[in-house]
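Subject: Structure handover

Hello,

Here is the structure I promised to pass on. Please open it first, then read my notes below.

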Amino acid sequence: MESAPPRQTSKKKKSMLITRRVEFSASHRCAVPGWSEEKNRSVFGPDANPFGHGHNYVLEVTLGGKVDPITGMIVDLKDVKTILNREVVDQMDHRYLNAEVPPFDTIVPTAENIAREIWRRLHPHFNSDDVQLRQVRLYETESLYVEYSGE
Amino acid sequence: MKLTSRYMFSASHRLHSHELSEQQNWDTYGRCNNQHGHGHNYSLEVTLAGSPDTLSGLLCDRDQLDRLVEEEILSRVRHVNLNEQVAEFGQLVPTTENVAFVFTSWLKQGWSRHFAKSPVELDRVRIYETRNNRFEIEANEVKQ
């Protein structure tokens, strides 16, 4: 009887992606401070409403790394959750981004800019040989999301 | 072009490494180390890559893909205790990283029985452990 084909053992490290999803709700207003009301309306539409408006943001953070041969994990998800909460959720959830969360006092908090800011905050925590930040995907609504990979 | 099909299954597991002490296991896996195990409704996404057939417009036969996944994966893991009832996890800790690896290996081993005559290739496997955690492995990371 033929023996079974050799299988890759658990000892060889394999690359994999892991994605953690979190939600936060925040309000914002998209308007460039130097522009006229009319110009902001024409570029940002209802997002330029001077009183602001809100979204339930959904953030998906993708990390890449090698699977530890003993634990079978790339990274401890508890640690990932702690970092996402500390750097993003605790600071942005139930806030008016323009007024309460720098740098959005000077930068328009579009989904694009929020994703880039989230990348900036998370990148130092996931920048080792073992685990790297690969992508930030931010859903502003269920129908619209942006992706940023640090480019 | 890529085509992804999604499947659901429910199974239990316990994260516990024979190479770690009781305390190390608890420190590493926390609640997932509970000696009685716990379960998830897993969602599995299998992605194939290829070119749609010029006549049929199909990248692959959907029934063939469903049969591949049913026979090679779902029939072995549906409503089971992964640690106790799946040989691969006798030693290998059934973290979802390792589950993704084993599933990819199974698909590659069974591939020729299902897709021998089709130019389509296995591209990647993605598993959602919960709505909030998903794991993805490229097929070329796994030999067989």
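Two strands pair if DSSP finds at least two bridges between them. By that rule, strand β2 (residues 53-66) and strand β4 (residues 131-141) of chain A pair in the antiparallel sense, over 8 bridges. One more thing before the details: this is a predicted model.

**Confidence in chain A**

Chain A averages a pLDDT of 91. In that chain, 92% of the residues score at least 70. The exception to watch is the start of the chain: pLDDT stays under 50 over residues 1-10 of chain A. The model has 9 contacts beyond four places in sequence for that stretch. Where pLDDT is low, the predicted coordinates should not be read in detail.

**Strands of chain A**

Back to the β2(A) and β4(A) pair. V61(A) has V136(A) as its bridge partner in β4(A). β4(A) also pairs with strand β5 (residues 144-148) of chain A, again antiparallel, over 5 bridges. There, R137(A) has E147(A) as its bridge partner in β5(A). A hairpin of 2 residues links β4(A) to β5(A).

E140(A) is a good residue to click on. It sits in strand β4 of chain A. Is E140(A) buried or exposed? Neither in full: E140(A) is partly exposed, because 19 other C-beta atoms lie within 10 Å, and a buried residue needs 20 or more. Which residues does E140(A) contact, leaving aside neighbours within four places in sequence? They are H55(A), Y57(A), A111(A) and Y145(A). N56(A) is 84 residues from E140(A) along the chain, yet their C-alpha atoms are separated by 6.8 Å.

**Chain B overall**

Chain B has 4 helices and 4 strands. Along the sequence they follow the pattern β-α-β-α-α-α-β-β. The C-alpha trace of chain B spans about 60 × 25 × 25 Å along its principal axes. Chain B has 144 residues, and 34% of them count as buried. Now take the contacts in chain B with a separation of 6 or more. Residues 24 or more positions apart account for 70% of these.

**Helix α2 of chain B**

This helix covers residues 62-77 of chain B. Its 16 residues should span 22 Å at 1.5 Å a residue. The end C-alpha atoms are 21 Å apart, so the two values agree. Even so, α2(B) has a kink of about 45°, centred on E70(B).

Which residues of α2(B) are buried? They are L65(B), L68(B), V69(B), E72(B), I73(B) and V77(B). An α-helix has 3.6 residues a turn, so residues three or four places apart point the same way. The buried residues of α2(B) pack against four elements of chain B: β1 (2-13), β2 (38-49), α3 (82-85) and α4 (96-115). After the helix comes H79(B), with a positive phi near 55°.

**The β3-β4 hairpin of chain B**

β3(B) and β4(B) run antiparallel and are joined by 6 bridges. A hairpin connects them through 2 residues. T130(B) stands opposite N133(B) in β4(B).

Y128(B) lies in strand β3 (residues 121-130) of chain B. Why does Y128(B) count as buried? Because it has 21 C-beta neighbours inside 10 Å, and 20 or more is the cut-off. Not counting residues up to four places away in sequence, Y128(B) touches Y42(B), S43(B), N133(B) and R134(B). The C-alpha atoms of Y128(B) and E97(B) are separated by 10 Å, with their positions 31 residues apart along the chain.

**Where the chains meet**

20 residues of chain A are in contact with 25 residues of chain B. On the chain A side, β1 (15-28) and α2 (77-92) each supply at least two residues. β1(A) gives the most, with 7 residues. By class, that side of chain A has 9 nonpolar, 6 polar and 5 charged residues.

Strand pairing crosses between the chains too. β1(A) is joined to strand β4 (residues 133-138) of chain B by 4 bridges, and the two run antiparallel. R20(A) has N133(B) as its bridge partner in β4(B). N133(B) is also the residue opposite T130(B), and one of those that Y128(B) touches.

Best wishes

Key. Residues numbered from 1 in each chain as written. Chains lettered and ligands numbered in written order. Predicted model: local features only at pLDDT ≥ 70, side-chain atom pairs only at ≥ 80, totals over all residues. Contact = placed C-beta atoms within 7 Å. Nonpolar A, V, L, I, M, F, W, Y, C, P; charged D, E, K, R; others polar. Expected span 1.5 Å × (residues − 1). Bend = angle between axes of the 7 residues up to and from the residue. Buried ≥ 20, exposed ≤ 12 C-beta atoms within 10 Å, placed from the backbone. pLDDT = per-residue confidence, 0-100.
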